[in-house]
Amino acid sequence: MAKSDEVVLTVNGKRFEWWESVSITMKLLSITREFSVGYTRNLRNGEGLLEGLPKVGQEVEFSIGGDVLATGYVTKADQSYNATSVSMSVSGASKTIDLVQCTLPITAKHQYKGIDVVDFVQSIAGEYGITVSNPIDFHQKSTQTLTPTKKLGGVIQDIANQFSILITDDERGNLVITSIGQKGLTAEGLQTGKNILEGSRNVDAKDVYSTYTVVGQASNSASEKAVTAFQNKASSSQGGVRKREIVVNQSGDASLDLMQRKATLLKNHSVASAETFEYTVQGWRQSNGALWEPNYLVRVTDDILGVDETLVIDEVTLKKDNGGTTTVLHCVRPEALISTEVPDADKKSTSKEAALDFTNKGTTKTANWTDK
């Protein structure tokens, strides 16, 4: 490995830089990046176990060639030995690991009304000393009531889904509100015969249907009829798929507009999610010297798998082991990362008998959108 790509763990100002095995994984849809490093020493040569190694719970910074990739805590340490050698591995995670594993303190505020989403995330993350950046300048008001026993990682994921945003972590262990492909196009594409060492495609069509139908109820403020009298349904169809239908409910005041959007999102998301791609390249850096990281758009030209399109890198693993220094890039189509949630609207009228029943008398409106 080039000297410039030396892996260093820094703990309390002390550098540890002789690691023989390295792995760090960064996921766009996760708020915590994790890493592990290890080494083996030969007892017969008198090398022994080095003193002052990182301890579980200590703050740690993980860097490659001076580029910081993770800031957080040592979460695990393993040691073993035999007659000739001693081995040790150290694992760590971003500071945001506390959000994943912990709930909101019981004395903290649990109800928020009409608060900006970014301010809400900052409020709960700030309980564990974590800040939130918002490079896409996202702002929307929200009302939130937190369950005391729910871990904050789940709360943050719910917020991301609800407002169709991406919330991930950065190299300093803080949260970032971002959008798909926000880092732009990579300096180089992925191409068979050029920089791809290994490639694979996984296809799983369990969630792909020929028709996606959304059903719901719409109110009519000018009518005395119950909500059930104004039932809506919207469909989105996918060509080339045998008859496979799924029906989902849209709560709230389900307008045709809202439901058509939901049906189209469901179709686009499931079709895009059915295929995932994984590529291994040599080294840890792109041709311009930047480390491979998630949320880049990358042009893939794969003659073997028949891929010629721009994908999103949603997961990156940088590795060093007996097989050398490599990067594994997990890629998906952009639509696979888009949330299928659409906001509920308040019903203007209600009824104790209100229920989805398309045999009831009343008006049923329908919208359809088909992609052949």
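Two rings of Phe, Tyr or Trp count as a pair here if their centres lie within 6.5 Å, with the six-membered ring used for Trp.

**View 1. Ring pairs join F16, W18, W19 and Y39 into a cluster.** This is a predicted model, and a search through the whole structure turns up eight aromatic pairs. Here we zoom in on the cluster that links F16, W18, W19 and Y39.

**View 2. W18 and Y39 meet edge-to-face.** The ring centres of W18 and Y39 are 4.9 Å apart, and their planes make an angle of 75°; over 60 degrees counts as edge-to-face. W18 sits in the loop between strand 2 (14-16) and strand 3 (21-27), while Y39 belongs to strand 4 (residues 34-42), so this pair ties together parts that are 21 residues apart in sequence. Do have a look at the surroundings of each ring: W18 is partly exposed, at 26% relative accessible area, whereas Y39 is buried, at 2%.

**View 3. The charged end of R244 sits over the ring of Y209.** The distance from the charged end of R244 to the centre of the Y209 ring is 4.7 Å.

**View 4. The largest pocket holds about 320 Å³ of space.** Its lining is made up of 20 residues, and I165, L166, L337, I338 and S339 are the closest to the pocket centre. Helix 3 (152-162) and strand 11 (166-169) are the elements that give two or more residues to this lining, and helix 3 provides the largest share, with three residues. As for the character of the lining, twelve residues are nonpolar, eight are polar and none is charged.

Key
Residues are numbered from 1 along each chain as its sequence is written. This is a predicted model: local features need pLDDT of at least 70, side-chain atom pairs count only at pLDDT 80 or more; totals for chains, interfaces and linings use all residues. Side-chain values use heavy atoms; hydrogens and water are left out. On a 1 Å grid over the protein atoms alone, a cavity is a set of points where a 1.4 Å probe fits but cannot get out, and a pocket is an open set with protein on both sides within 12 Å along at least five of seven lines; lining residues have an atom within 4 Å of a point. Grid points are joined across faces, edges and corners, and a volume is the space filled by probe spheres set on the points. Helices (H or I, at least four residues) and strands (E, at least two) are DSSP runs, numbered from the N terminus. Ala, Val, Leu, Ile, Met, Phe, Trp, Tyr, Cys and Pro count as nonpolar, Asp, Glu, Lys and Arg as charged, and the others, Gly among them, as polar. Rings of Phe, Tyr and Trp (its six-membered ring) pair if their centres lie within 6.5 Å; planes under 30 degrees apart count as stacked, over 60 as edge-to-face and the rest as tilted. Buried means under 20% relative accessible area, exposed over 50%, partly exposed in between (1.4 Å probe, protein chains only). A charge sits over a ring if NZ of Lys or CZ of Arg is within 6 Å of the ring centre and within 35 degrees of the ring normal.
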